[in-house]
Amino acid sequence: MTCLNDFSLSFKGRDFLPLMVGGMGTNISTAELVLAIEKLGGIAHLSDAMLPDVADKALGTHFTKERTERLKSFIPQWDKSNNYFDLDRLADATKSYICDVMDRAKGKGLVLVNCMEKLTMNDSLSTLKVRLNSALDAGIDGITLSAGLHLSSFKLMQENKRFNDALLGIVVSSTRALNLFLKKTASLGRLPDYVIVEGPLAGGHLGFGDDWKNFSLEKIVREVKEFVSKDGLQIPVIAAGGIYSGKEATRFVKEVGADGIQAATRFTIVKESGLPDEVKQVYINAEDKDVEVNHFSPTGYPMRMLKSSPALSSDIRPNCESYGYLLNHGTCSYLKEWQERHQESTEALQTKCCLCTQMRNYKVWTCGTTVSKLKETTKKGVDGKWILPTAEEVWNDYKYESFPG
């Protein structure tokens, strides 16, 4: 009998349990959740999704209010080309939040931040550069590049004094994506410190098309492992998406060859998660039939969520002046669609949602395919409600559950 605790994942001379807690935005991966894992000596991700707004909630700052005031004259306009982010304020928000988290870290584990390329913010390269470098300047232990190919991201960080000191990893769903990334960054002389292979059963945005059912995490992990090994590259490969238990995690390490795994769905319902408690109860009650992969996200990626997500039936005016995280060249697909339905009075169906506002208000209930298993590992109280576990309890389930063999 073996368990995940029998293995280790090494970074810069330190050994860790081969388990990462994924970055769940917006503010589901709270500082409290991440620090609870870090205190245990583990590795956990913050999400930098809408981080100025997250900082406002956590620190009492006013980044979003200031942005709204600065841009309120543009509210009636449909062309949002002038709806830009103040880069200095974006840097301040990022540093303020991450510095606060790092000041509270115990130094036992690692705090990473999940940085999504698809947060275009009406100036994708400039805002991405600020987000990446501000996180490094704030002392983050590492950055995981996600939701995009990130072909320019290493270059955007290369002049930062921590470029070679902090951990830098990338999320891929194929060897092709990894190969493109490595070729693009080869001239910088800096390999990623880890690769997270996210399979088709993950929650939230997927790196697959409508044919996602044709792919297998196990197969992709084996292919990526073979790819990095053939050239003698020593890059740990982390499997993610649909790995619900310590037993399954141990199998991926022992038999599939992954160097570790990443988990998120089980941590959505822990006490330290930012998801509202009443929504956590919905998650635990969910059945397989309650989950769907749809195209409501303006990013263009398919997205897995609960069918009962309030965002799917909410027709709200775009809040680009307050948020605007998905604006690209002055617009986004939801903005276009809303304008057609309301200003032009067409009968167009709603096929997208205002992801910025809805994620901020916890109305997009993203989840992995394993969400229906939550009731199997959660107990009910005398009041009939599910008793929410702590992050440590879920962590220990992964750490010590035995795998036969």
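**Group meeting talk: helices, a barrel and a cavity**

Let's start with two helices. Helix 2, residues 51–59, packs with helix 3, residues 63–71, at an angle of about 125°. Their axes lie 7 Å apart. That makes helix 2 oblique to helix 3. One caution before I go on: this is a predicted model.

Which residues of helix 2 and helix 3 meet? From helix 2 come Pro 52, Asp 53, Ala 55 and Asp 56. From helix 3 come Phe 63, Thr 64 and Lys 65. Sort the residues of this contact by type, and you get three nonpolar, one polar and three charged.

Now the barrel. Eight strands make a closed barrel, and the pairing is parallel. Follow the strands in the order 3-4-5-6-7-8-10-11. On average, neighbouring strands of this sheet are turned by 25° against each other, direction ignored.

Where do strand 3 and strand 11 join? Take strand 3, residues 19–21, and strand 11, residues 260–263. They run parallel, and three bridges join them. One pair to find on your screen: Val 21 has Ala 263 of strand 11 as its bridge partner.

A helix sits against this sheet too. Helix 5, residues 124–137, packs on the sheet. There, helix 5 touches strand 5, residues 110–116, and strand 6, residues 142–146. The direction of helix 5 makes about 175° with that of strand 5.

Next, another sheet. This one is open, with three strands in the order 9-13-12. Its pairing is antiparallel. Which strands stand at the edges? Strand 9, residues 204–205, and strand 12, residues 291–294. Each has a single partner strand, so one side of each is left without a neighbour in the sheet.

Look at strand 9 again. Two bridges join strand 9 to strand 13, residues 303–306, and the two run antiparallel. His 205 has Met 303 of strand 13 as its bridge partner.

On to the inside. How many cavities of 30 Å³ or more does a search of the whole structure find? Five. The largest cavity holds about 90 Å³ of space. There are 16 residues lining the largest cavity. Closest to its centre are Cys 320, Gly 324, Cys 332, Cys 354 and Cys 356.

What gives the most to that lining? Helix 12, residues 355–360, with three residues. By type, the lining of the largest cavity divides into 13 nonpolar residues, three polar and no charged.

Last, two details of the backbone. Which peptide bond is cis? The one from Gly 25 to Thr 26, with omega near 0°. Thr 26 lies in the loop between strand 3 and helix 1, residues 31–39.

Then Lys 12. Lys 12 is not a glycine, yet has a positive phi of about 50°. You will find Lys 12 in the loop between strand 1, residues 9–11, and strand 2, residues 14–16.

To recap: helix 2 is oblique to helix 3. The closed barrel has eight strands, and the open sheet has three. The largest cavity has no charged residues in its lining. Thanks, and over to you.

How values were computed
Residues are numbered from 1 along each chain as its sequence is written. This is a predicted model: local features need pLDDT of at least 70, side-chain atom pairs count only at pLDDT 80 or more; totals for chains, interfaces and linings use all residues. Side-chain values use heavy atoms; hydrogens and water are left out. Axes are lines fitted to C-alpha atoms, for helices over the stretch in contact, and angles run from 0 to 180 degrees between N-to-C directions. Helices (H or I, at least four residues) and strands (E, at least two) are DSSP runs, numbered from the N terminus. Angles under 35 degrees count as roughly parallel, over 145 as roughly antiparallel, 65 to 115 as roughly perpendicular and the rest as oblique. Contact means heavy atoms within 4.5 Å. Ala, Val, Leu, Ile, Met, Phe, Trp, Tyr, Cys and Pro count as nonpolar, Asp, Glu, Lys and Arg as charged, and the others, Gly among them, as polar. On a 1 Å grid over the protein atoms alone, a cavity is a set of points where a 1.4 Å probe fits but cannot get out, and a pocket is an open set with protein on both sides within 12 Å along at least five of seven lines; lining residues have an atom within 4 Å of a point. Grid points are joined across faces, edges and corners, and a volume is the space filled by probe spheres set on the points. Two strands pair if DSSP finds at least two bridges between them.
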